[in-house]
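Colleague: Could you pick one charged side chain in this model and give me a close look at it? After that, please work outwards and tell me how it fits with the rest.

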Amino acid sequence: MADLQDEADVATAAIGAPDRPTPRKRGAKPKPPTPEADVEAEDTAPHHTLDPDVLTRIHTLLRAHPVADGYNTLAQVLVNTPWHDVELGESSLDTDIPRLRHGGVGAQFWSLMVPADCPDPVSATLERVDRLRTLVDACPEGLRLAQAVGDLADARNHGRIASLFGPVAAHALGDSLGTVRAYHALGVRAVALTATASWTRAGLTRFGQEVVRELNRLGMVIDLSGAAPETVRQTLGAAKAPLIFTRSAARALTDHPLNVTDEVVDGLPENGGVCLVSFSPAQVARAGRAACVQDVADHIQHLRGVVGPDHIGLSGGYGLKAGSPRTVGLEDASCYPVLLAELIDRGWDDTELAALTWGNFARVIRDVDFAARAAQPRRGPSTATIEDLDPM
């Protein structure tokens with residue numbers, strides 16, 4: 001089995017495309033790419049000019065250690081967006097394959113979250129799974145489904161964007177471990193223990209603990225963004241594999257429900273988990289002013305001081321329609337180099353940046369996969385029900 005950490009310095013196919021196609025308006029014919037264009041000479045973020053030497057350093061880094069992003073909500077809007085618009089460039093969205101490539105993205109968790117008040121969360125989640133599978137199947141030159149640790153490295157090494165499905169919200173499991181296994185069979189690889197189910201609202205019930213064990217056995221990543229503090233604490237104690245926060249920033253800097261307190265996140269190093277820092281303006285804005293790239297960097301710096309550089313990553317929170325609130329400097333999925341340039345200006349070296357973009361995320365996927373392989377010979381599929389474990 002390939003070890004992603006050992007492979008990190010192997011030469012890989014370029015993640016970036018030769019040039020940066022302009023996102024097109026719906027119905028417009030795409031302009032053909034210019035083969036001789038050199039990605040090193042281009043500004044990956046159209047609204048922000050970066051120093052050429054810094055930009056070259058960032059491109060070199062991202063070829064070996066591309067961005068592994070924790071949360072993109074594109075599945076929510078795919079019902080109204082044909083796949084070919086995402087493949088060629090779509091101006092009504094902040095995410096398409098050209099911009100992902102020019103942002104240096106090599107892996108992406110595609111969110112399957114549905115609202116807490118969704119009348120049929122299981123069906124709604126399945127619809128989103130279907131949309132994403134159709135998108136990945138229709139874009140084989142850009143995307144590749146990733147279901148295990150080897151798929152992640154394989155996609156990176158072939159210049160594709162590894163596409164991981166998830167997270168799924170707790171209330172979309174239908175209080176059923178059979179539904180968890182059905183999602184897994186469809187390629188879903190992350191579940192969020194949001195405080196939207198009876199077994200996660202104030203800690204883990206007995207059924208909630210059984211869900212954690214089954215997720216570990218299957219090799220599905222457990223996401224704690226939006227989880228109740230007691231649920232976080234109990235999950236850190238019960239889990240046999242690393243955990244992640246897919247879209248959280250530091251509550252010490254910005255008071256937002258999805259953000260984490262220093263006390264909550266302090267248990268990540270012992271667990272081996274990672275907090276993927278959100279770019280959402282509501283989660284990073286400070287002092288009543290518009291959120292900007294420096295604010296995201298401040299949150300990353302703060303969490304680094306709490307948990308160390310081996311337990312943080314990136315979460316763009318893209319997949320939104322035009323007109324949605326944006327963090328200045330990080331307006332779309334091409335803008336990750338702008339953040340990396342800010343961190344370089346703050347003294348981050350290439351080893352630290354490689355861990356932030358790829359290494360920490362990849363380690364979690366690897367360790368969750370390995371923990372599942374170790375557990376499966378000892379533990380079969382659980383037949384427990386919520387009625388058995390959490391009687392009224």
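Modeller: Let's go with Arg99, which counts as buried at 5% relative accessibility. Keep in mind as we go that this is a predicted model. The cut-off for buried is under 20% relative accessible area, so Arg99 with its 5% falls on the buried side. What does this arginine pair with? One partner is Asp96: the two form a salt bridge, and their closest N and O atoms are 2.8 Å apart. Asp96 is buried as well, with a relative accessible area of 0%.

Arg99 has another salt bridge, this time to the side chain of Asp332, at 3.7 Å from N to O. Here the sequence alone would not show you the link: Arg99 sits in helix α3 (residues 97-102) and Asp332 in the loop between β10 and α13, so this pair ties together parts that are 233 residues apart in sequence. Asp332 is buried too, with a relative accessible area of 8%.

Now follow that loop. Tyr318 also lies in the loop between β10 and α13, and there's some ring packing to look at. Across the whole structure, a search turns up five aromatic pairs. One of them is Trp199 with Phe207, an edge-to-face pair with 5.7 Å between the ring centres and 80° between the planes. Trp199 is buried at a relative accessible area of 0%, and Phe207 counts as buried at 1%. Back at our loop, Tyr318 and Tyr336 make another edge-to-face pair, 5.8 Å centre to centre with 85° between the planes. Tyr318 is in the loop, while Tyr336 belongs to helix α13 (336-345), so their pairing ties together parts 18 residues apart in sequence. Both tyrosines, Tyr318 and Tyr336, are buried. Add Phe279 and you have one aromatic cluster made of Phe279, Tyr318 and Tyr336.

Step back to the strand that leads into the loop. Strand β10 covers residues 312-315, with Ile312 and Leu314 pointing one way and Gly313 and Ser315 the other. In general, side chains in a regular strand alternate between the two faces of the sheet. Which of the residues in β10 are buried, though? Every one of Ile312, Gly313, Leu314 and Ser315 is. Strand β10 runs parallel to β9 (residues 274-278), and four bridges join them. If you want a spot to centre your view on, Val277 stands opposite Leu314 in β10.

For contrast with Arg99, have a look at Arg213 in helix α7 (residues 206-218). Arg213 has a relative accessible area of 37% and is partly exposed, whereas Arg99 is buried. Arg213 and Glu210 meet through their side chains in a salt bridge, 2.8 Å from N to O. These two are three residues apart in the helix, which means about one helical turn separates them. Glu210 counts as buried at 10% relative accessibility, so this salt bridge joins a buried residue to a partly exposed one. The pair also belongs to a salt-bridge network that links Arg181, Glu210, Arg213, Glu214, Arg217 and Arg379. Arg379 is 166 residues from Arg213 along the chain, yet their C-alpha atoms are separated by 9.5 Å. Setting aside neighbours within four places in sequence, Arg213 is in contact with Arg206 and Arg379.

One more arginine is worth a click. Arg304 lies over the face of Trp348, at 4.5 Å from the ring centre.

And the overall picture? The protein has 15 helices and 10 strands, and 57% of its 392 residues are buried. The count of salt bridges comes to 20, with Arg99–Asp96 and Arg99–Asp332 among them. Links across long stretches of chain show up in the contacts too: of those between residues at least 6 apart in sequence, 74% join residues at least 24 apart. As for the outside, the protein exposes about 15300 Å², and 52% of that comes from carbon and sulfur atoms.

Notes:
Residues numbered from 1 in each chain as written. Predicted model: local features only at pLDDT ≥ 70, side-chain atom pairs only at ≥ 80, totals over all residues. Heavy atoms only, no water. Buried < 20%, exposed > 50% of the residue type's maximum accessible area, 1.4 Å probe, protein only. Pairing = 2+ DSSP bridges. Contact = heavy atoms within 4.5 Å. Areas by Shrake-Rupley, 256 points an atom, 1.4 Å probe, with all protein chains shown as cover. Phe/Tyr/Trp six-rings, centres within 6.5 Å; stacked < 30°, edge-to-face > 60°. Lys NZ or Arg CZ within 6 Å of the ring centre and 35° of its normal. Salt bridge = Lys/Arg side-chain N within 4 Å of Asp/Glu carboxyl O.
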